[in-house]
Amino acid sequence: MTIITCRDITLQFNSDQAPILDHINLEIQKGEFVSIIGKSGSGKTTLLQMIGGLLVPTKGEVNVLGQVIFEPLDEMTYMFQKPVLLEWRNVLENVLMPIELKRKPNQQDVDKALEVLASVGLGGHQNKYPHELSGGMMSRVTLARAFMMEPKILLMDEPFSALDAMTKEQLQLELMKLTKQYRTTTVFITHDITEAVYLADRVILLGRQPAQVVEELQVPFARPRPKELKFDTSFIEIVKGLHNSIEGLGGH
Ligand SMILES: Nc1ncnc2c1ncn2[C@@H]1O[C@H](COP(=O)(O)OP(=O)(O)OP(=O)(O)O)[C@@H](O)[C@H]1O
């Protein structure tokens, strides 16, 4: 079932300048994991913001869960590159934040938060404050918070790009497990081609400005995937192919 449709969308920030995105058409299915890659400045974040209802296209429309959107929906959650945590609240209280914005959390919510924290490797850390956490732990807290509400749609803008390689790999595994468990439809932006292919069912490549979808690639491995897949010859061939496609776009 299609739950996100970008229909012929064009985005122009200023009427006297060329569009950033040009006639983008995209359909994303329920439970699908889609990575979006492209050169820096190609419009990946802009596209994600339109899917999230933070920006309205100049032309065309974005339809999410059966409605044309003009603002973010409750069914969506964002995760950004920089973990945004409230310094004066401990880990558990940060994870409970989305519930608290709606109602007073109950014991069931606390149990759920502890369960999600455990599944991102933070069991036993619930009473720590953000200043006591490493960068990787902070990202884990934001991941747990994102899944606390079991969002139908997760929009991720380079969430792991500031992390070291080992932590990034762990978080990729945890994200893969959680998106599978909750059947979360995920749109994931990254500069890292290996990460894009490893996580996604489908990789979308944006071209140069005004950007269009220049390539769509179905990744032929069932999810969740073992981390060893990254050393598989057929996996490496796919990454190489996309690398060549990006290089073929020219520019810097
Ligand atoms: N609010 C804005 N007003 C005008 N131009 C903008 C605005 N936001 C982004 N842009 C321009 O739109 C283009 C696409 O930006 P965007 O951040 O979507 O690209 P990106 O592919 O996500 O880049 P990166 O990979 O470097 O994060 C850039 O040229 C940027 O300068």
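# Exercises on a predicted structure

E9 and E10 form a hairpin with 6 residues between them. The model in which this hairpin is found is a predicted one, and the exercises below begin with the strands before they turn to helices, backbone angles and the ligand.

## Exercise 1: the hairpin and its partner

Task: Work out in which direction strands E9 and E10 run, and which residues stand opposite each other.

Solution: Begin with the pairing, in which 5 bridges join strand E9 (residues 202-206) to strand E10 (residues 213-218), and the two strands run antiparallel. Strands of a sheet pair through backbone hydrogen bonds, either parallel or antiparallel. Next, look at single positions: valine 203 stands opposite leucine 217 in E10, while isoleucine 204 stands opposite glutamate 216 in E10. Then turn to strand E3 (residues 33-37), which is joined to E9 by 4 bridges and runs parallel to it; here valine 34 stands opposite arginine 202 in E9. Finally, consider burial: because 4 of the 5 residues of E9 are buried, this strand is largely enclosed by the rest of the structure.

## Exercise 2: an open sheet

Task: Find which strands stand at the edges of the sheet with the order E2-E1-E4-E5.

Solution: The first step is to note that this open sheet has 4 strands and antiparallel pairing. Strand E2 (21-29) and strand E5 (67-68) each have a single partner strand and stand at the edges, so one side of each is left without a neighbour in the sheet. For the E5 edge, the pairing can be followed in detail, since 2 bridges join strand E4 (residues 59-64) to E5 in an antiparallel arrangement, with asparagine 63 opposite valine 68 in E5.

## Exercise 3: the two sides of helix H3

Task: Check the length of helix H3 and decide where its buried residues lie.

Solution: Helix H3 (residues 107-119) has 13 residues, which at 1.5 Å a residue should span 18 Å, and its end C-alpha atoms are indeed 18 Å apart, so the two values agree. In this helix, Ala113, Val116 and Leu117 are buried. These buried residues cover an arc of only 100° around the axis, which puts them on the same side of H3. An α-helix has 3.6 residues a turn, so residues three or four places apart point the same way. The face turned away from the buried side of H3 carries the exposed residues Gln107, Gln108 and Asp111, whereas the buried residues of H3 pack against helix H2 (91-100) and helix H4 (135-148). Alanine 118 also has its place in helix H3, but it counts as partly exposed because 14 other C-beta atoms lie within 10 Å, and a residue is called buried at 20 or more.

## Exercise 4: helix H5

Task: Repeat the length check for helix H5, and find what its buried residues pack against.

Solution: The 17 residues of helix H5 (residues 165-181) should span 24 Å at 1.5 Å a residue, and since its end C-alpha atoms are 24 Å apart, expectation and model agree. The buried residues of H5 are Gln172, Leu175, Met176, Leu178 and Thr179. They pack against E3, H3, H4, strand E8 (185-189) and helix H6 (193-199). Just after H5, arginine 183 takes a positive phi of about 50°.

## Exercise 5: unusual backbone angles

Task: Which peptide bonds are cis, and where do the prolines concerned lie?

Solution: Most residues other than glycine have a negative phi, and most peptide bonds are trans. One cis peptide bond runs from glutamine 209 to proline 210, with omega near -10°, and proline 210 is found in the loop between E9 and E10. Another cis bond joins arginine 223 and proline 224, with omega about -5°, and proline 224 lies in the loop between E10 and helix H7 (233-248). As for phi, histidine 23 in strand E2 has a positive value near 50°. Glutamate 150, in the loop between H4 and strand E7 (153-157), has a positive phi near 45°.

## Exercise 6: around the ligand

Task: How do the residues of the shell around the ligand divide into nonpolar, polar and charged?

Solution: First list the surrounding residues, which are Phe13, Ile20, Gly38, Ser40, Gly41, Ser42, Gly43, Lys44, Thr45 and Thr46. Sorting them then gives 2 nonpolar, 7 polar and 1 charged.

Methods:
Residues numbered from 1 in each chain as written. Predicted model: local features only at pLDDT ≥ 70, side-chain atom pairs only at ≥ 80, totals over all residues. Near = placed C-beta within 6 Å. Nonpolar A, V, L, I, M, F, W, Y, C, P; charged D, E, K, R; others polar. Pairing = 2+ DSSP bridges. Expected span 1.5 Å × (residues − 1). Buried ≥ 20, exposed ≤ 12 C-beta atoms within 10 Å, placed from the backbone. Arc of directions from axis to C-beta. Contact = placed C-beta atoms within 7 Å.
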